[in-house]
Amino acid sequence: MKRTKLKGLQTQAKQENIFCFCILIFFFIQWGIFWLYANLNSIRLAFSYFNTSVDEYLLLPANRFFENFADFFSLLITPRGGEFLLNGAYFHLITSVVCLPISYMVAFIIYKKLPFSGIFKVVLYLPAILSGMVVILLYRHYITALATENGFRGIFTDPSTSRWIVSLYVLFTGIPSGLLVNLGSMSRVPSELIEYGELEGISLWKEFVLITVPMIFPVLQVQCLGLFTGFFTTQGPLFTFYNRNAPDELQTFGYYMFMAVYEGVDGMSKQDMYGFTSAANLSIGLMSIPIVQGTKWLFDKFDPGAEF
Amino acid sequence: MEKLSFKSKRARSIFAITVWTLILTWCVLFLYVLAWGLMTSGKSDMQFTYNKLGFPKPITNKWGVVRDPGKFQFLENYAFVFESMTAPDSHGARVSFFPMLLNTLYYTLAYGLVAVVSPMLCSYIYAKYSKRVRWTKLVWVIMLVNMYVPLSASLAASINLAMQLGTYNNIFTFIWTYCGGFGGCFLIYYAIWKGLSWDYAEAAIIDGANHFTILFRIMFPMTLTVFWVLYITQIIALWSDYQTPMVYLRDYPTLAYGVFVFNSTVNAAGANGLDPTSVTIKLAALFIVATPMFTLFMIFKDKMMGSLTMGGLKG
């Protein structure tokens, strides 16, 4: 009897193992290729150059082994590289420093269900549904028409106006960003706590600052971890606005890297730029470790430690 | 939570009124630009030249001869987009609207499906079997590596890998890239599986069901609401993604890519009296690509917006 039961359990364990293996094997292979190998390949490319005679990427010779990294850091210290970083910081900070607090306040008002909150929620979520591309192009056509009607031409290309017009877009679309995530995290704040505050006559502002923000601090922390690394990676809406012709004074490092891979830049073919962009990507990844850890440490210092 | 009205003292604070007014202004501006775009997409080119912001009105020359009756021409403009919107493939040949539509349908429906089903399966194994089948804990290790190791293959390396694998520029094999089981919806689905009792499965095992039957005929049907919400969310995201087809699938342009190219066109030749470079036609193209997802969202908006939360989804 006991032996039969043991055998039954062994058979069941075997069936479970086979089932798990059948389901997971494909995903392990997929991960091995598309994450593990892709990253190793990215590192290899960072130390490679494109040899046109054999049409392959070959490792750089020992005396030029770090050439792609040297190119990346050389670009960073040129005035052009500095401008890329400043532009990246500018667009990134609009999103993270200006829009993020506003987006939290917006989500809070909707969460408190002030009049028309239901309609507001749907309208604020529409840009995500229509997609960035549709909203950007719609905005571009509208602003161009409005400017032309008022006698301005080339508002998106004139250096004196282009920055403000693109910034206005980034600001406008940044306000409802993360709405559902913020609403979701706010809805988890215990209602007893809010009711207690209401009985004490707490104002909405105080409820937002003293109850809601501390309660959702971990979510805020996650959203802010990339606060400084975004300077390097932010592409901004430049490609959709300008395609390949973004004005020099607006270009970010993210845009430059994308264009380098998409069709080549500075007279170099895209194949020639693969090594450079991989080295840049690796350098940014490595530089981001202390920056992200530092940001996390900073946030931990201010973490009110509210648990619920 | 109870609704707050402006009759309540709390809602009449400067903070609440300021932010509420900001939201109202944002919504009015956004809806205005959207309405302007829709109206302009039905205007004639001449109407737009002479009257960029207002409703169409009759245009006459100095002798009083009507040059434009000032009527909307939605049908002509939208039909013209169907006929003339093309996008180039990698050889420079033009791909017309309907092949682009087919590419888009395949790209959104198939790629969206694998992007949801893959993490669903991996999270199921980890949530329901990791205590008995120890080696499946590897799933969680990979999940953590994905989340915390600050590496991401560069775009260049991804293109290079796709070329090595032969998936570059092949819409049928490139789908493999989207079959990742450890990202995207993994955590959301994991929370759902954890909330489902294993008692149903045990009852089924006693009745002789195998593990595939338990997954596909008992457990999965209980998460259908979540599945549809995630699937629709994926479809919406993929429908308007123009950069992936532009970079990886050059011979399979989608509608979103077509609209992007169409809107970047500055010197195409006109036909049928309509000019593909005109703003009215470009706006019509934008609305053609945006309308299906807008409709889908309006149908499922309560489900989508009500179900999505930070920690997971309500079943």
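The following paragraphs describe a predicted model of two chains, A and B, from overall form to local detail.

The two chains can be introduced side by side. Chain A contains 14 helices and two strands, while chain B contains 13 helices and four strands. Chain A has a radius of gyration of 26 Å, whereas a compact globule of 308 residues would have one near 19 Å. For chain B the value is 26 Å, against the figure near 20 Å that a compact globule of 315 residues would have. Taken along the principal axes, the C-alpha atoms of chain A fill a box of roughly 80 × 70 × 40 Å, and the C-alpha trace of chain B spans about 90 × 65 × 40 Å. Buried residues account for 34% of the 308 residues of chain A and for 38% of the 315 residues in chain B. In chain A, 66% of the contacts between residues at least 6 apart in sequence join residues at least 24 apart. In chain B, residues 24 or more positions apart likewise make up 66% of the contacts with a separation of 6 or more.

Chain B is divided by the domain assignment into domain 1 (10-83) and domain 2 (86-307). The C-alpha centres of these two domains of chain B are 34 Å apart. Where the domains meet, 13 residues of domain 1 of chain B are in contact with 14 residues of domain 2 of chain B. On the domain 1 side, α1, α2 (45-50) and α3 (74-84) of chain B each supply at least two residues, and α3(B) gives the most, with six residues. By class, that side of domain 1 of chain B has six nonpolar, four polar and three charged residues.

The contact between the chains comes next. Here, 76 residues of chain B are in contact with 68 residues of chain A. Several helices of chain B supply at least two residues each to the side that touches chain A, among them α4 (97-129), α5 (138-148), α9 (211-219) and α12 (255-264). The largest share of this side of chain B, 12 residues, comes from α1(B). Sorted by class, the residues of chain B on this side are 51 nonpolar, 19 polar and six charged.

What about the nonpolar interior? The largest nonpolar core has 117 residues, and those with the most contacts inside it are Val134(A), Ala256(B), Ala285(B), Leu286(B) and Val289(B). Helix α13 (residues 279-307) of chain B gives the largest share of this core, 13 residues. Because domain 1 (10-83) and domain 2 (86-307) of chain B both give residues to this core, it lies between them. Leu286(B) illustrates the packing across chains: leaving out residues up to four places away in sequence, it touches Val134(A), Leu137(A), Leu138(A), Gly37(B) and Val259(B). A second, separate core of 28 residues includes Cys99(A), Leu180(A), Met186(A) and Ile23(B).

Within chain A, helix α13 (residues 253-262) is worth a closer look. Eight of its 10 residues are buried, so this helix of chain A is largely enclosed by the rest of the structure. The buried residues of α13(A) include Phe253(A), Tyr255(A), Tyr256(A), Met257(A) and Met259(A). Their cover includes α3 (79-111), α11 (230-233), α12 (238-242) and α14 (270-302) of chain A, together with α6 of chain B. Just after α13(A), Gly264(A) takes a positive phi of about 85°.

Cys224(A) offers another local view, placed in helix α10 (residues 217-224) of chain A. Cys224(A) counts as partly exposed because it has 16 C-beta neighbours inside 10 Å, where 20 or more would make a residue buried and 12 or fewer exposed. Apart from neighbours within four places in sequence, Cys224(A) is in contact with Ser96(A), Thr295(A) and Phe299(A). The C-alpha atoms of Cys224(A) and Val97(A) are separated by 9.2 Å, although the two residues are 127 apart along the chain.

Finally, the strands of chain A form a hairpin. Strand β1 (residues 48-51) and strand β2 (residues 56-59) of chain A pair in the antiparallel sense over four bridges. Phe50(A) stands opposite Tyr57(A) in β2(A). Four residues lie between the strands of this hairpin, in which Asp55(A) takes a positive phi near 60°.

Terms used:
Residues numbered from 1 in each chain as written. Chains lettered and ligands numbered in written order. Predicted model: local features only at pLDDT ≥ 70, side-chain atom pairs only at ≥ 80, totals over all residues. Rg over C-alpha atoms; globule rule 2.2 N^0.38 Å. Contact = placed C-beta atoms within 7 Å. Core = buried A, V, L, I, M, F, W, Y, C linked by C-beta atoms within 7 Å. Domains from an automatic or database assignment. Nonpolar A, V, L, I, M, F, W, Y, C, P; charged D, E, K, R; others polar. Pairing = 2+ DSSP bridges.
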